[in-house]
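Colleague: I would like a close look at a single part of this model rather than a tour of everything. Please take one helix, say what it packs against, and then work outward from there.

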2 protein chains.
Amino acid sequence: MSYDDNNVFAKILRSEMPAFVVEETDETLAFMDVMPQSDGHTLVIPKYPAQDIFELPESFAREVISATQRVAGAVRKAFDPAGVMIAQLNGEAAGQTVFHLHFHIIPRYEKSDMKLHAREMADMALLEQHAQRIRDAFAG
Amino acid sequence: MSYDDNNVFAKILRSEMPAFVVEETDETLAFMDVMPQSDGHTLVIPKYPAQDIFELPESFAREVISATQRVAGAVRKAFDPAGVMIAQLNGEAAGQTVFHLHFHIIPRYEKSDMKLHAREMADMALLEQHAQRIRDAFAG
């Protein structure tokens, strides 16, 4: 299977679809997952058409992990979770649903189980509030 | 909680405990998980005393993701899984059990669910065979 540039993240990168962006660099974009597994669930993607980690040039992998590290820090500051899971899924068998490489940053809270992946759409106003909390965490 | 240098990965880095190593660089070490969630389950760690992604210097994060990308490629070549999950867990609430930062590379096979995390010790001879398959994948 080759890269399909009609996937939703490609559309977000082309500004054909909106996203609740929390950080952007020349090589990466970070935004809220619209079907969050927990409050503060954020995604980091490269500005490069790769389906998975195997197709991604090393230089982009390094920019993506730097962004993931920064955004995870901001998410932790914004939401004060008990833990943070970072996950990157390659292939449908691993749970990948959008075929543009992405790193998940998923806060974990004590006594609250994560939701199943990609089943429930979040409230958009709430998502914008969450994005703003993360942007504020970068700022302050 | 501060970094405890008696954790098992610190002991592996000091050669006080054995490991089925598949790749080593100046900054990173990759070896088989002894309680694998699936065949080929491999770990990549930095040679730096960080509990989690928040304590890891960016330069090490970049070396770790480069190693993870290389080792994941070798694991895929060696085991031909349907998918590959990459995960990095921060904090007990996120499922972290060893408090030295590590990236999991977990092959996913169709029709076989993953085992629960860190419950069952693998057969050591089988693990060495698996490590050798990954080393061979690097070589050839």
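Modeller: What follows starts with the last helix of chain A and moves out to its surroundings. The model is a predicted one.

Helix α3 of chain A runs over residues 124-139. Its 16 residues reach 22 Å from the first C-alpha to the last, close to the 22 Å expected at 1.5 Å a residue. Just before the helix sits A:Asp123, and one of its side-chain oxygens comes to within 3.2 Å of the backbone nitrogen of A:Ala125 at the start of α3(A).

Which residues of α3(A) are buried? They are A:Leu127, A:His130, A:Ala131, A:Ile134 and A:Ala137. These residues cover an arc of only 115° around the axis, which puts them on the same side of α3(A). The spacing fits a general rule: an α-helix has 3.6 residues a turn, so residues three or four places apart point the same way. What does that buried set pack against? The partners in chain A are the strands β1 (21-24), β2 (28-32) and β3 (42-46), together with helix α2 (58-79).

One of those buried residues also has a place in the nonpolar interior. The largest nonpolar core has 58 residues, and A:Ile134 is among the members that touch the most others. The rest of that group is A:Val44, A:Phe103, B:Val44, B:Phe103, B:Ile105 and B:Ile134, so named residues of both chains belong to this core by the definition that joins buried nonpolar residues through side-chain atoms within 4.5 Å. A second, separate core has ten residues, including A:Ile106, B:Met85, B:Leu89 and B:Ile106.

A:Val44 shows what such a position is surrounded by. Neighbours within four places in sequence aside, A:Val44 is in contact with A:Leu29, A:Ala30, A:Val64, A:Ala67, A:Thr68, A:Val71, A:Leu101, A:His102, A:Phe103 and A:Ile105.

Helix α2(A), one of the partners of α3(A), can be checked in the same manner. At 1.5 Å a residue its 22 residues should span 32 Å, and the end C-alpha atoms are 31 Å apart, which agrees. A:Ser66 is found in this helix. Is A:Ser66 buried or exposed? A:Ser66 counts as buried because its relative accessibility is 1%, and the cut-off for buried is under 20%. Residues up to four places away in sequence aside, A:Ser66 touches B:Glu58 and B:Arg62, which belong to the other chain. A:Ser66 and A:Gly91 are 25 residues apart in sequence, and their C-alpha atoms are 23 Å apart in space.

α2(A) is followed by A:Asp80, which lies in the loop between α2 and β4 (83-90) of chain A. Phi of A:Asp80 is near 45°, a positive value in a residue other than glycine. With a relative accessibility of 65%, A:Asp80 counts as exposed. In chain B, B:Asp80 is found in the loop between α2 (58-79) and β4 (83-90). Phi of B:Asp80 is also positive, near 45°, and B:Asp80 is exposed, with a relative accessible area of 64%.

Two further residues of chain B give detail around strand β2. B:Thr28 is found in strand β2 (residues 28-32) of that chain, and at 0% relative accessibility it counts as buried. The side chain of B:Thr28 makes a polar contact of 2.7 Å with the side chain of B:Thr25. Beyond four places in sequence, B:Thr28 is in contact with B:Glu23, B:Ile45, B:Pro46, B:Lys47, B:Glu63, B:Val64 and B:Ala67. B:Asp33 is placed in the loop between β2 and β3 (42-46) of chain B. B:Asp33 is buried, with a relative accessible area of 8%, and its side chain reaches the backbone nitrogen of B:Met35 at 2.8 Å. Residues up to four places away aside, B:Asp33 touches B:His41, B:Thr42, B:Leu43, B:His104 and B:Leu127.

Finally, the chain that holds α3(A). Chain A has three helices and five strands, in the order α-β-β-β-α-β-β-α along the sequence. Its radius of gyration is 14 Å, close to the 14 Å that the globule rule gives for 140 residues, so chain A is as compact as a globular protein of that length. Of its 140 residues, 51% count as buried. Among contacts in chain A between residues at least 6 apart in sequence, 62% join residues at least 24 apart.

Definitions and conventions: Residues numbered from 1 in each chain as written. Chains lettered and ligands numbered in written order. Predicted model: local features only at pLDDT ≥ 70, side-chain atom pairs only at ≥ 80, totals over all residues. Heavy atoms only, no water. Helix = DSSP H or I, 4+ residues; strand = E, 2+ residues; numbered from the N terminus. Expected span 1.5 Å × (residues − 1). Buried < 20%, exposed > 50% of the residue type's maximum accessible area, 1.4 Å probe, protein only. Arc of directions from axis to C-beta. Contact = heavy atoms within 4.5 Å. Polar contact = N/O pair within 3.5 Å; in protein donor to acceptor, adjacent residues only side chain to side chain. Rg over C-alpha atoms; globule rule 2.2 N^0.38 Å.
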